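Colleague: I have just opened this structure. Can you walk me through it, one question at a time?

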Amino acid sequence: MFPNAEEIQACLNTVSIGKKMVVMESVGSTNDFIKRKIKAGEPAGLCVLAHRQTHGRGRMGRSWISEPAVGLYFSIYLKPELSLEHLPRLTLMTSVAMARAIDPFCPTPCRLKWPNDLLINGKKICGILSEYCAPPDPEGVILGIGINVNQDAERFPAEFRDTATSLKAETGATVDRSALFIAILQQLDREYQTFLYEGECKLAQEWERHSDMLGREITLNQSGTQFQGVARGLDKMGNLMLETPEGQLISFDAGEVTLRT
Ligand code: BTN
């Protein structure tokens, strides 16, 4: 039985994340739920988890399959005092926190794929959808996180079977979703405090440490234009640096990456 919001909060030792929590059986999308709450004046800090989403959303207008009670589908509303150009780093921070929290649950480590995917054995286990709320609504960032936890591999739709995985598929065992959720909130809170109070710190290096993209041939699709080259690293803002076959270094603030080697 998954704990209720108060029971989860009782296990947390966090400064800001999870101070207000809602756990729901079903919702359209936890990101959209939080958006409505923000418009209605909700203060930052709200965390919403749903056991099922009927309209879970992914990046690039894709949908996020959210089967009942097998994955973790949740969103967090944060309002850091940061200018807009620093916000992509919040997604990097989240990716690093997610990798650190998920790693103890699987013998094979998570690898980060820019900008916001986590892979295990080359297959996607977790995706992050960061959305910015702009005036006239109250400002803030919604971090939406989806993790494949106890899905059976054979139940993935055919088109995702080669590219998606779950913790159960990787370990052969059912994972305690609430233990994972609590570990994630603890880790996110820790990373978020560091992010807020230690400035630039070592975020890009930390991200690179959890990634195996660097030095690999990639194709980056940005708004329909394809760029090929070798992933060389992240700059301090979290932009991906790609070395073209001509030896030119181009930096990207958005795009869809395919690993070629
Ligand atoms: C991606 O990889 O494309 C991002 C997937 C993000 C899915 C999560 S599930 C919880 C939150 N609510 C949504 O509608 N989407 C995010």
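**The ligand and its surroundings**

Modeller: Keep in mind that this is a predicted model. Let us start with the place of the ligand: the ligand sits in the largest pocket.

Colleague: Which elements give two or more residues to the shell around the ligand?
Modeller: One helix is on that list, α2, residues 30-39. The others are strands: β3 (72-78), β6 (123-133) and β7 (140-147). In full, the elements are α2, β3, β6 and β7.

Colleague: Which element gives the most to that shell?
Modeller: Its share is four residues. The element is strand β6.

Colleague: How many residues surround the ligand?
Modeller: The closest are S29, Q53, R57, R59 and K124. The shell holds five nonpolar, 10 polar and four charged residues. The number surrounding the ligand is 19.

Colleague: How far is an oxygen atom of the ligand from an N or O atom in the side chain of K124?
Modeller: A polar contact needs N or O atoms within 3.5 Å. The K124 side chain meets that cut-off, with a distance of 2.5 Å.

Colleague: What are the distances for S29 and T30?
Modeller: For S29, a side-chain N or O atom is 2.7 Å from a ligand oxygen. For T30, a polar side-chain atom and a ligand nitrogen are separated by 3.1 Å.

Colleague: How much of the ligand's exposed area does the protein bury?
Modeller: Take the ligand alone first: it exposes 420 Å². With the protein in place, the buried part of that area is 98%.

**Rings and backbone**

Colleague: How are the rings of F74 and F181 arranged?
Modeller: The whole structure has four aromatic pairs. In the pair of F74 and F181, the ring centres are 5.0 Å apart. Their planes meet at 70 degrees, and over 60 counts as edge-to-face, so this pair is edge-to-face.

Colleague: Which parts does that pair tie together?
Modeller: F74 belongs to strand β3, and F181 to helix α5, residues 177-197. These parts are 107 residues apart in sequence, so the pair ties together β3 and α5.

Colleague: Where are P115 and P136?
Modeller: A cis peptide bond joins W114 to P115, with omega about 0 degrees. The bond from P135 to P136 is cis too, with omega near 15 degrees. P115 is in the loop between β4 (111-113) and β5 (117-120). P136 is in the loop between β6 and β7.

Colleague: What is the phi of A69?
Modeller: A69 sits in the loop between β2 (46-50) and β3. A69 is not a glycine, yet its phi is positive, about 60 degrees.

Notes. Residues numbered from 1 in each chain as written. Predicted model: local features only at pLDDT ≥ 70, side-chain atom pairs only at ≥ 80, totals over all residues. Heavy atoms only, no water. Near = heavy atom within 4 Å. Polar contact = N/O pair within 3.5 Å; in protein donor to acceptor, adjacent residues only side chain to side chain. Areas by Shrake-Rupley, 256 points an atom, 1.4 Å probe, with all protein chains shown as cover. 1 Å grid on protein atoms, 1.4 Å probe; cavity = no way out; pocket = protein on both sides within 12 Å on 5 of 7 lines; lining within 4 Å. Sits in = over half its atoms within 2 Å of the grid points. Nonpolar A, V, L, I, M, F, W, Y, C, P; charged D, E, K, R; others polar. Phe/Tyr/Trp six-rings, centres within 6.5 Å; stacked < 30°, edge-to-face > 60°.
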